[in-house]
Amino acid sequence: MPTFHQRKVHLWYVLSVFFVSLSSSLFGQTNAEDSLLYQLEEQSLPEQIDRYVALTRMFWEQDPARSLYYGELATALADSTQDLQRQMEAHRALGGLHYYQGSLDKTLWHNNLAYTIASGLQDEQKEASQLNNLGIIYRDQGDYRRSMQMHSQSLRIAELNGMDVLLAVSYNNLGRLYMDLKDYERSSSYLYSGLAKLATVPEDNSLQLALFGNLARLYARQQQTDSAEHYFRAMLQLSDETNNVNRMAEAYQGLGVLRLEQKRYDRAQYYLQSSV
């Protein structure tokens, strides 16, 4: 058994390489931004709002200051109109930026507003989506009871309306929540239900990666190393195929931590260095 000092050293090493590079091709992003801004002044106000929302999302992780600039433009323009649909999308986008920045209070404010608008519009798909967003925020705030309420309500809406993708999203979120609550049996049941439902809908690589990651972490918490490694490797392969650098970094990090626990320090160093 490693000594307390060895555990401290190993923990320090994991933390020292935990930072994940979120940058992607600057050249590609610049071209996409230019394309969205092209002839912006000649477009209608609704089209301008749509483009600013798209730009807000484009720079969520890579350039928060630019994302905030476009997000505030989008919400200001949308709020000056009677277009509730675009108001909802603008606040959803700005809430997403604040989530990536760790500002949960601002995230909650914008997402609550978007949920209120979706409910008023009787847009059940967006309502269910917003309930999932709120559930994630409450979970991150440690309010597991309210998080459970939000995800369970979203699940019911999705079930009643045959929204298979949102069903898979809710299963994934409930699986993650029960993992945090250390109810691993329920967590596993929801996560595998998510994978099964995902197999019946058009390909959704982002959701599949999230499910792979949660299953890998679930098995890692239970010290079921082989199963954890299986899903980390599945995550690594799919993220490589889809050029998802953030999920790829998570997979490398997970494999590195597994190797640390196995005291295979050379391989741990390789995977952890690959994650940054």
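**Figure 1. Helix α3 seen end to end.** Let's start with one helix: α3 has 14 residues, and its first and last C-alpha atoms lie 20 Å apart, close to the 20 Å expected at 1.5 Å a residue. As you look at this view, keep in mind that the model is predicted. Which residues of α3 are buried? They are Q48, I49, Y52, V53, L55, T56 and M58.

**Figure 2. The whole chain, for orientation.** Before the next close-ups, here is the setting. The protein contains 14 helices and zero strands. If you follow the chain from the N terminus, the elements read α-α-α-α-α-α-α-α-α-α-α-α-α-α. The protein has 276 residues, and 44% of them count as buried. Take the contacts between residues at least 6 apart in sequence: 53% of these join residues at least 24 apart.

**Figure 3. A glycine inside helix α4.** G71 sits in α4, the helix of residues 64–79. Is G71 buried or exposed? Its relative accessibility is 1%, so G71 counts as buried. Setting aside neighbours within four places in sequence, G71 is in contact with T56 and L94. You have met T56 already, as one of the buried residues of α3. Another residue to find is R57: it is 14 residues from G71 along the chain, and the two C-alpha atoms are separated by 8.3 Å.

**Figure 4. Helix α7 and its packing partners.** The 17 residues of α7 should span 24 Å at 1.5 Å a residue, and the end C-alpha atoms are 24 Å apart, so the two values agree. The buried residues of this helix are E127, A128, S129, Q130, L131, N132, L134, G135, I137, Y138 and R139. Which helices do the buried residues of α7 pack against? They pack against α5, α6, α8 and α9. Just after α7 comes G142, with a positive phi of about 85 degrees.

**Figure 5. A serine in helix α8.** Look for S154 in α8, which covers residues 144–161. S154 has a relative accessible area of 0%, which means that it is buried. Which residues does S154 touch, not counting those up to four places away in sequence? The answer is A128, L131, N132 and S170. Of these, A128, L131 and N132 also appear among the buried residues of α7.

**Figure 6. The largest nonpolar core.** This view shows a core of 27 residues, in which F212, L215 and Y231 touch the most other members. The elements that each give two or more residues to the core are α9 (164–180), α10 (184–198), α11 (205–221), α12 (225–241) and α13 (245–261). Which element gives the largest share? It is α11, with eight residues. To see the contacts of one member, find Y231: leaving out residues up to four places away in sequence, Y231 touches Y192, L195, F212, L215, A216 and Y219. There is also a second, separate core, with 20 residues, including L108, L134, M148 and L177.

**Figure 7. The largest pocket and its lining.** Rolling a probe the size of a water molecule over the atoms shows where empty space is left. Here, the largest pocket holds about 2100 Å³ of space. Its lining is made up of 49 residues, and Y99, Y100, R176, R247 and E250 lie nearest the centre. Which helices supply at least two residues of the lining each? They are α3 (45–58), α5 (84–100), α6 (104–121), α7 (124–140), α9, α11 and α13. Sorted by class, the lining has 19 nonpolar, 18 polar and twelve charged residues.

**Figure 8. Two loop residues with a positive phi.** Most residues other than glycine have a negative phi, and most peptide bonds are trans. With that in mind, have a look at Q122, which is not a glycine and has a positive phi near 55 degrees. Q122 belongs to the loop between α6 and α7. Its relative accessible area is 68%, so Q122 is exposed. Now turn to N243, which is not a glycine and has a positive phi of about 55 degrees. Where is N243 found? Its place is the loop between α12 and α13. N243 has a relative accessible area of 61%, so it is exposed.

Methods: Residues are numbered from 1 along each chain as its sequence is written. This is a predicted model: local features need pLDDT of at least 70, side-chain atom pairs count only at pLDDT 80 or more; totals for chains, interfaces and linings use all residues. Side-chain values use heavy atoms; hydrogens and water are left out. A nonpolar core is a set of buried Ala, Val, Leu, Ile, Met, Phe, Trp, Tyr and Cys residues joined through side-chain atoms within 4.5 Å. Buried means under 20% relative accessible area, exposed over 50%, partly exposed in between (1.4 Å probe, protein chains only). Helices (H or I, at least four residues) and strands (E, at least two) are DSSP runs, numbered from the N terminus. Contact means heavy atoms within 4.5 Å. On a 1 Å grid over the protein atoms alone, a cavity is a set of points where a 1.4 Å probe fits but cannot get out, and a pocket is an open set with protein on both sides within 12 Å along at least five of seven lines; lining residues have an atom within 4 Å of a point. Grid points are joined across faces, edges and corners, and a volume is the space filled by probe spheres set on the points. Ala, Val, Leu, Ile, Met, Phe, Trp, Tyr, Cys and Pro count as nonpolar, Asp, Glu, Lys and Arg as charged, and the others, Gly among them, as polar. The expected span of a helix is 1.5 Å times one less than its number of residues.
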